[in-house]
Amino acid sequence: MTFTEPQPTPLALLLLGHGSDANSEKGVTCPGDLPAPSDPDLVQRAAAAKAALGDRVFILGHHYQRDEVIEFADVTGDSFKLAQQAAAHPEAEFIVFEGVHFMAESADILTADHQQVVLPDLAAGCSMADMASIGQVEECWAVLEDLGIANVTVPITYMNSTAAIKAFTGRHGGSVCTSSNAERSLAWAFERGEKVLFLPDQHLGRNTAVRDLGLSLADCVVYNPRRPRGGLTDEQLRGARVILWQGHCSVHGRFTPECVDEVRERVPGIRVIVHPECSYEVVSKADVVGSTEKIIATIAAAEPGSAWAVGTELNLVKRLAQQHPDKEIVYLDRTVCFCSTMNRIDLPHLVWALESLVDGTVPNRITVDPETAHWARVALDRMLALPGPTASRD
Ligand code: SF4
């Protein structure tokens, strides 16, 4: 195994989730009375609490989570697979989600009423999901209505969005998508309308429209929610086939084409595999593009001795390097950080959440109101009804 530990950037050191931010997907400080990170018994305490809860608890671990909490996950996967897994375990009264807020919302939408979803740290939001608030999206839709083009526009939202945005999509005839079924989702949308409003990740939208559906870059415009009418002219909005929301993942958005050039120079013969949340320029230089599950499967199937530069979240890349010592696995950038919000879920938070459940308190419960849940479910069900395999990757 070869794995060079990247150096954390100042961004990695940002402390998120402190105080209150009304514009954030979450933005509340975790109320928990947490055990000290230095407590030598944390692993034993987590194991004991989990054992005490037995089948009453089911722990979901997203691929981007730290090893110290993944160790306690009953299942690992991407956000949609995890939500499905929660629904497939109705015996579990408590679903503890090692992930971020929008994922816990999706789990609440897809699970039965008696199941309670717990996010160990409420400050674990997602900066991409935060880039599209429901108010901003409704304002954008009003602009499209004003131009007389809303009725030919189908909204598609990436799984990585709030329940309110998913519900908006459901209400307006659209669907949710994941990074592995985005092509089918967009094709489905173009069978129903002339245009697509793609939320909130501009990169996944552009990569899918141009690389998979054969549209041109000129067919896409980027709607900036912080500018009047998205910062676009009426002609630009009328002429666009795909209106991309100006959102991105703060982790995948940091990879650059220069990272690809640099790693190819540093490791001759290396193959580059990246997530489609990376920019069009990065994706265009990669050898393989795919969801987290595709990245995992590709590396697993690769021949021993092969070398891979992986452009996705660092926890997953480190784990892949550990799991495949017969391959050379390097991070695509020397300096890019972890997903700081994913990293909010650490062992002290997990111990606190599990011990609270043992004591009869449900901490940090994530709920979606019935009206929002209904329409979000409509959008999720449209995705599930898409032809082809029920792929579910983010
Ligand atoms: S990796 Fe990106 S998309 Fe995923 S939770 Fe972090 S910021 Fe959001």
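The following paragraphs lead through a predicted model of a protein chain with a ligand, from the overall fold to two helix environments and the ligand shell.

The protein chain holds 394 residues, of which 51% are buried. Its secondary structure amounts to 16 helices and 14 strands. Of the contacts between residues at least 6 apart in sequence, 71% link residues at least 24 apart.

One pairing of elements distant in numbering is that of helix H1, residues 42–53, with helix H15, residues 347–358; their axes come within 9 Å and cross at roughly 35°. The crossing of H1 and H15 is left-handed. On the H1 side, the contact involves Leu-42, Arg-45, Ala-46, Ala-49, Lys-50, Ala-52 and Leu-53. H15 contributes Leu-347, Pro-348, Leu-350, Val-351, Leu-354, Glu-355, Leu-357 and Val-358. Of the residues in this contact between H1 and H15, 12 are nonpolar and three are charged, while no polar residue takes part.

A second helix to consider is H14, which spans residues 314–323. Its buried residues are Leu-314, Asn-315, Leu-316, Val-317, Leu-320 and Ala-321. These buried residues of H14 pack against one helix, H13 (292–301), and against two strands, E12 (307–311) and E13 (328–331).

The ligand, finally, is surrounded by 13 residues. The closest of them are Cys-126, Met-128, Cys-249, Val-251 and Cys-339. By residue class, the shell around the ligand comprises eight nonpolar residues, four polar residues and one charged residue.

How values were computed
Residues are numbered from 1 along each chain as its sequence is written. This is a predicted model: local features need pLDDT of at least 70, side-chain atom pairs count only at pLDDT 80 or more; totals for chains, interfaces and linings use all residues. A residue is near a molecule or strand if its C-beta atom, placed from the backbone, lies within 6 Å of it. Ala, Val, Leu, Ile, Met, Phe, Trp, Tyr, Cys and Pro count as nonpolar, Asp, Glu, Lys and Arg as charged, and the others, Gly among them, as polar. A residue is buried if 20 or more other C-beta atoms lie within 10 Å of its own, exposed if 12 or fewer, and partly exposed in between; C-beta atoms are placed from the backbone. Helices (H or I, at least four residues) and strands (E, at least two) are DSSP runs, numbered from the N terminus. Two residues are in contact if their C-beta atoms, placed from the backbone, lie within 7 Å. Axes are lines fitted to C-alpha atoms, for helices over the stretch in contact, and angles run from 0 to 180 degrees between N-to-C directions. A crossing is left-handed if the near helix is turned anticlockwise from the far one by less than a right angle, and right-handed if clockwise.
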